[in-house]
Amino acid sequence: MKRILAYGIKFALASLVTFACFEAYFRATEISLPSFVVDDPVLGRTFRPNARAALVQEGFYMDRINAYGYLGPSYPRERKVETPRVAIIGDSFVEAFQVFPDYSLRSVLERELSMRLDRPVEVLNFGRSGQDLRTMYTYYKDLVTQFRPDVTLFVVIDHAFLGNDKSMGPVCYLD
């Protein structure tokens, strides 16, 4: 009996050390990171501020969620009056986890506007996968307005009008 117990303890310790080594390896290589998505009681599913994000699905994405919980540079809530600010809200097309950050809609729009206006422009990316028009609007009211954008672009694809049955709240349909 003592022999079985000793083997059981050795097996448990070896398993624990093995799992700890795998966890350290995955975190160090960023193959697998803790979730960068959290459930906020007001905003619903949103990004965890300052989280590292690595995602391999339809494309490859690796970056950091900024300090305010949206994608791209950390432009603070308080803004410079002379700097135009644009907010983009949409679903996975705006979120753009399938492309490198330099080629996302946010980055391209910011570069083009800055070049054409001949001054810096701040473009904030509030894209999240699975948003429909209703969740975009509530996200706009509850979060985006705090950053006081001059212009807010709602990027709406046809399926955004159908409602997302997985989200909480009434299901809205365009008739």
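In this predicted model, strands β1 (residues 37-40) and β2 (residues 44-47) run antiparallel and are joined by 4 bridges. The connection between β1 and β2 is a hairpin of 3 residues, and Asp40 has Gly44 of β2 as its bridge partner. A further antiparallel pair follows, in which β3 (residues 52-56) is joined to β4 (residues 60-64) by 5 bridges. Here Arg52 stands opposite Arg64 of β4. The side chains of β3 alternate between two faces: Ala53 and Leu55 point to one face and are buried, whereas Arg52, Ala54 and Val56 point to the other and are not buried.

These strands belong to a protein with 4 helices and 7 strands. Read along the sequence, the elements follow the pattern α-β-β-β-β-β-α-α-β-α-β. Of the 175 residues in the protein, 30% are buried. The accessible surface comes to about 11,500 Å², and carbon and sulfur atoms account for 62% of that area. Among contacts between residues at least 6 apart in sequence, 57% join residues at least 24 apart.

Attention now turns to the parallel sheet. It is an open sheet of 3 strands in the order β6-β5-β7, with parallel pairing. Its edge strands are β6 (122-125) and β7 (151-154), each of which pairs on one side only. On average, and with direction ignored, neighbouring strands of this sheet are turned by 20° against each other. The pairing of β5 with β6 is parallel and extends over 4 bridges; within it, Ile88 has Asn125 of β6 as its bridge partner. Two helices can be placed relative to these strands. Helix α3 (residues 105-117) lies across β5, β6 and β7, and runs at about 170° to β6. Helix α4 also packs on the sheet, where it touches β5 and β7, and its direction makes about 160° with that of β7.

Ile88 offers a convenient view from within the sheet. This residue lies in strand β5 (residues 85-89). With a relative accessible area of 1%, Ile88 falls under the 20% cut-off and is therefore buried. Leaving aside residues up to four places away in sequence, Ile88 touches Val94, Leu105, Arg106, Leu109, Val123, Leu124, Asn125, Phe126, Gly127, Leu153 and Val155. Ile88 can also be set against Tyr140: the two are 52 residues apart in sequence, while their C-alpha atoms are 9.6 Å apart in space.

One of the contacts of Ile88 is Arg106, which has its place in helix α3. Is Arg106 buried or exposed? Its relative accessibility is 9%, so Arg106 counts as buried. The neighbours of Arg106, again not counting residues up to four places away in sequence, are Leu71, Gly72, Pro73, Tyr75, Ile88, Val123, Leu124 and Asn125. In addition, the side chain of Arg106 makes a polar contact, at 3.2 Å, with the side chain of Ser107.

A second polar residue deserves a look. Gln131 lies in the loop between β6 and α4, and its relative accessibility of 3% is under 20%, so Gln131 counts as buried. A polar atom of the Gln131 side chain lies 2.7 Å from the backbone oxygen of Gly90.

The nonpolar interior completes the picture. In soluble globular proteins, nonpolar side chains tend to be buried together. The largest nonpolar core here has 12 residues, namely Leu43, Tyr70, Tyr75, Ala87, Ile89, Leu124, Phe126, Met136, Tyr139, Leu143, Val144 and Phe147. Strand β5 and helix α4 (133-142) each supply at least two residues of this core. Apart from it lies another core, of 9 residues, which includes Ala51, Tyr61, Ile65 and Phe97. Leu124, a member of the 12-residue core, touches Tyr70, Tyr75, Arg85, Val86, Ala87, Ile88, Arg106 and Phe147, not counting residues up to four places away in sequence. Leu124 is thus in contact with both Ile88 and Arg106.

Note on methods
Residues numbered from 1 in each chain as written. Predicted model: local features only at pLDDT ≥ 70, side-chain atom pairs only at ≥ 80, totals over all residues. Heavy atoms only, no water. Buried < 20%, exposed > 50% of the residue type's maximum accessible area, 1.4 Å probe, protein only. Contact = heavy atoms within 4.5 Å. Core = buried A, V, L, I, M, F, W, Y, C linked by side-chain atoms within 4.5 Å. Areas by Shrake-Rupley, 256 points an atom, 1.4 Å probe, with all protein chains shown as cover. Pairing = 2+ DSSP bridges. Axes fitted to C-alpha atoms, helices over the stretch in contact; angles between N-to-C directions. Polar contact = N/O pair within 3.5 Å; in protein donor to acceptor, adjacent residues only side chain to side chain.
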